[in-house]
Amino acid sequence: HVQLVESGGGSVQAGGSLRLSCVASGYNYDRNCLGWFRQAPGKEREVVAHIYTRGDDTFYTDSVKGRFIISRDDAMNTAYLQMDSLKSEDTALYYCAIREEYGGSWDWGQGTQVTVS
């Protein structure tokens, strides 16, 4: 029912930038939280950033603060993750997800690979 499709991943040199996009469809949450998560091989999936309804509030994990910016375009049902000053430690499969704004389970996209070298 709920579909999220990520794009924009790729390979980039350390210090470079990428912008990930996530197009969401099939959801019926009146207010919602869109999130970006990532998982590196052998590591647990971790939260990267959240953005709430209409972009009223955001959350970033400490390791990406000042380097990544999450945004959303509700007219396009799209979330973005602008990633600057990328480091090798940012290499991971990045997932987009959506849930009710302050609770509930996440629905997940398929992931897009980011490789920093």
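Which residue of β9 does G35 stand opposite? In this predicted model, the residue facing G35 is A97 in β9, and the two strands concerned, β4 and β9, run antiparallel and are joined by eight bridges. Strand β4, which spans residues 32-39, also pairs with β5 in the antiparallel sense, here over five bridges, and within this second pairing R38 has E46 of β5 as its bridge partner. The hairpin formed by β4 and β5 has six residues between the strands, and G42 in this hairpin takes a positive phi near 80°. Seven of the eight residues of β4 are buried, so that β4 is largely enclosed by the rest of the structure.

The aromatic side chains were examined next. The structure holds five aromatic pairs. In one of them, the ring centres of F37 and W106 lie 5.0 Å apart while the ring planes meet at 80°; because an angle over 60 degrees counts as edge-to-face, the pair is assigned to that class. F37 belongs to strand β4, whereas W106 is located in the loop between β9 (92-100) and β10 (107-108), so the pair ties together parts of the chain that are 69 residues apart in sequence. Both partners, F37 and W106, are buried.

A further pair is made by Y52 and Y102, whose ring centres are 5.8 Å apart and whose planes are inclined at 15°, so this pair is stacked. Distant parts of the chain are linked here as well, since Y52 is placed in the loop between β5 (46-51) and β6 (58-60) and Y102 in the loop between β9 and β10, 50 residues apart. The two tyrosines stand in contrasting surroundings: Y52 is buried, with a relative accessible area of 13%, whereas Y102 is exposed, with a relative accessible area of 71%.

Ring pairs also link F37, Y95, W106 and W108 into a cluster, and two rings of this cluster are associated with a charged side chain. The charged end of R45 sits over the ring of Y95 at 3.8 Å from the ring centre, and that charged end likewise sits over the ring of W108, in this case at 4.4 Å from the centre.

A separate part of the description concerns an open sheet of four strands, which follow the order β1-β3-β8-β7 with antiparallel pairing. Strands β1 (3-7) and β7 (68-73) stand at the edges of this sheet, each with a single partner strand, so one side of each is left without a neighbour in the sheet. Neighbouring strands of the sheet are turned against each other by 15° on average, direction ignored. Between β3, which comprises residues 18-25, and β8 there are six bridges, and these two strands run antiparallel; C22 stands opposite A79 in β8.

Strand β8 covers residues 78-83 and includes T78, which is buried with a relative accessible area of 6%. A polar atom of the T78 side chain lies 2.8 Å from the backbone oxygen of M76. When residues up to four places away in sequence are not counted, T78 touches S21, C22, V23, S71, R72 and D73. Of these contacts, S21, C22 and V23 fall within the residue range of β3, while S71, R72 and D73 fall within that of the edge strand β7.

How values were computed. Residues numbered from 1 in each chain as written. Predicted model: local features only at pLDDT ≥ 70, side-chain atom pairs only at ≥ 80, totals over all residues. Heavy atoms only, no water. Phe/Tyr/Trp six-rings, centres within 6.5 Å; stacked < 30°, edge-to-face > 60°. Buried < 20%, exposed > 50% of the residue type's maximum accessible area, 1.4 Å probe, protein only. Lys NZ or Arg CZ within 6 Å of the ring centre and 35° of its normal. Polar contact = N/O pair within 3.5 Å; in protein donor to acceptor, adjacent residues only side chain to side chain. Contact = heavy atoms within 4.5 Å. Pairing = 2+ DSSP bridges. Axes fitted to C-alpha atoms, helices over the stretch in contact; angles between N-to-C directions.
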